[in-house]
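Visitor: I would like to learn how to read empty space and helix packing in a protein model. Please take me through it step by step.

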Amino acid sequence: MAGRFRPPTRTTPTTIRGGHTPVPTPPHSPLDIGLTLGPLRRGPADPTFRVTPDGSVWRASRTPDGPGTIRVAVRDGAPEAEAWGPGATWLLDNAPALLGAEDDPAAFVPRHKLVLASHRRRPGLRLTRTGLVLESLIPTILEQKVTATEAYAAWRQLVRKYGDPAPGPAPEGMYVMPDARTWTQIPSWEWHRANVDGKRSATIVRAARVAARLEEAVLMDPPAARRRLELIPGIGPWTSAETIQRSNGAPDEVTTGDLHLPGIVGWALAGDRTADDEAMLDLLAPYAGQRHRAARLILLTGRVPPRRAPRMTPGDITRI
């Protein structure tokens, strides 16, 4: 049975097993674990996230009770979970929300044929709610103004170097991200080696120093939660939206300030590849209350405007 205690040292793995626990979800409601938890994965080699050949999803998280590993899978059509480590009980208690039990897909009404088709093809899509702010905020800050490849590599390097091995029988190479205090103590040269510039590293340090106040945002309504995050210099609307979508399961918090999303939405709904944030919000207005879900379904269609310029070239400050 899962326990609530702290390991004796930072590096001692704890393997307290949570057991196979059924995860309540709405009756007669399909669930696609991959689609639901996919936004929590930061690149194909994310050390905190793994999908195994049997279809199980493993996540290593730092909960209010400490590090923990959770494995979720669908058995005979029903989701179940097991967890290990000091955070196991917390993870199991929050597993239903993680798998979208608090989401209400019935509230969504497609207004465009493209969106309707995407919605019908993916009846198992749910919006996850992790209940954890910092674990989504820090990798989102790393993604500011750089390519996904750069951000994923930085996250992978820092988590492996400063995090804890995932408790329990997690797949090899899985780690729990560092705690807030550790983030504040990473030397400047290690940020540099991870190809993270001073602006992003300083924002992460500022956020980690007030981590407890930021974690309170999970108890707020999404607009108030975003305002709380945006009190930190370096955290703007793009970062707050991307974070609260995951931590709070916010169906209406659409991302603005993104390099690609307005053009994708504009192209998909109106054939307008030059759409800006204002045009995107106008197009998504019929989905008020569900704009994030609408944008997610549009992205899942894979319909993007033809590329007219080369991809953004990854930067490398480690050569400086």
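Visitor: Which residues line the second largest cavity?

Guide: Rolling a probe the size of a water molecule over the atoms shows where empty space is left. A cavity is a set of points, on a 1 Å grid over the protein atoms alone, where a 1.4 Å probe fits but cannot get out; lining residues have an atom within 4 Å of a point. Here R59, I70, W90, L91, N94, A95, L98, T130, L132 and E135 line the second largest cavity. Two helices, α2 (88-93) and α3 (95-98), each supply at least two residues of that lining.

Visitor: What should I know about the model and its numbering?

Guide: The model is predicted: local features need pLDDT of at least 70, side-chain atom pairs count only at pLDDT 80 or more, and totals for chains, interfaces and linings use all residues. Residues are numbered from 1 along each chain as its sequence is written, and side-chain values use heavy atoms, with hydrogens and water left out. Helices (H or I, at least four residues) and strands (E, at least two) are DSSP runs, numbered from the N terminus.

Visitor: How many cavities are there, and what is the volume of the largest?

Guide: A volume is the space filled by probe spheres set on the grid points, which are joined across faces, edges and corners. The search finds three cavities of 30 Å³ or more. The largest has about 110 Å³. It has 14 lining residues, and the closest to its centre are L40, T48, R59, E135 and W155. The second largest has about 50 Å³.

Visitor: Which element gives the largest share of the lining of the largest cavity?

Guide: That is β3, with four residues. Both β3 (57-63) and α5 (134-142) supply at least two.

Visitor: What classes of residue line the two cavities?

Guide: Ala, Val, Leu, Ile, Met, Phe, Trp, Tyr, Cys and Pro count as nonpolar, Asp, Glu, Lys and Arg as charged, and the others, Gly among them, as polar. The largest cavity has five nonpolar, three polar and six charged lining residues. For the second largest, the lining has six nonpolar, two polar and two charged.

Visitor: How much space lies in the largest pocket?

Guide: A pocket is an open set of points with protein on both sides within 12 Å along at least five of seven lines. The largest one holds about 2000 Å³ of space. Of its 50 lining residues, W238, D258, L259, H260 and L261 are the closest to its centre. Helix α12 gives the most to this lining, with six residues.

Visitor: At what angle do α5 and α9 cross?

Guide: Two packed helices are described by the angle between their axes and the distance between the axes. Axes are lines fitted to C-alpha atoms, for helices over the stretch in contact, and angles run from 0 to 180 degrees between N-to-C directions. The axes of α5 and α9 (residues 198-209) cross at roughly 165° and come within 9 Å. That makes the two helices roughly antiparallel (over 145 degrees). In contact (heavy atoms within 4.5 Å), L134, L137, I138, I141 and L142 of α5 meet R200, T203, I204 and A207 of α9.

Visitor: How do α13 and α14 pack?

Guide: Their angle is about 45°, with the axes of α13 and α14 9 Å apart. The pair is therefore oblique (not under 35, over 145 or 65 to 115 degrees).
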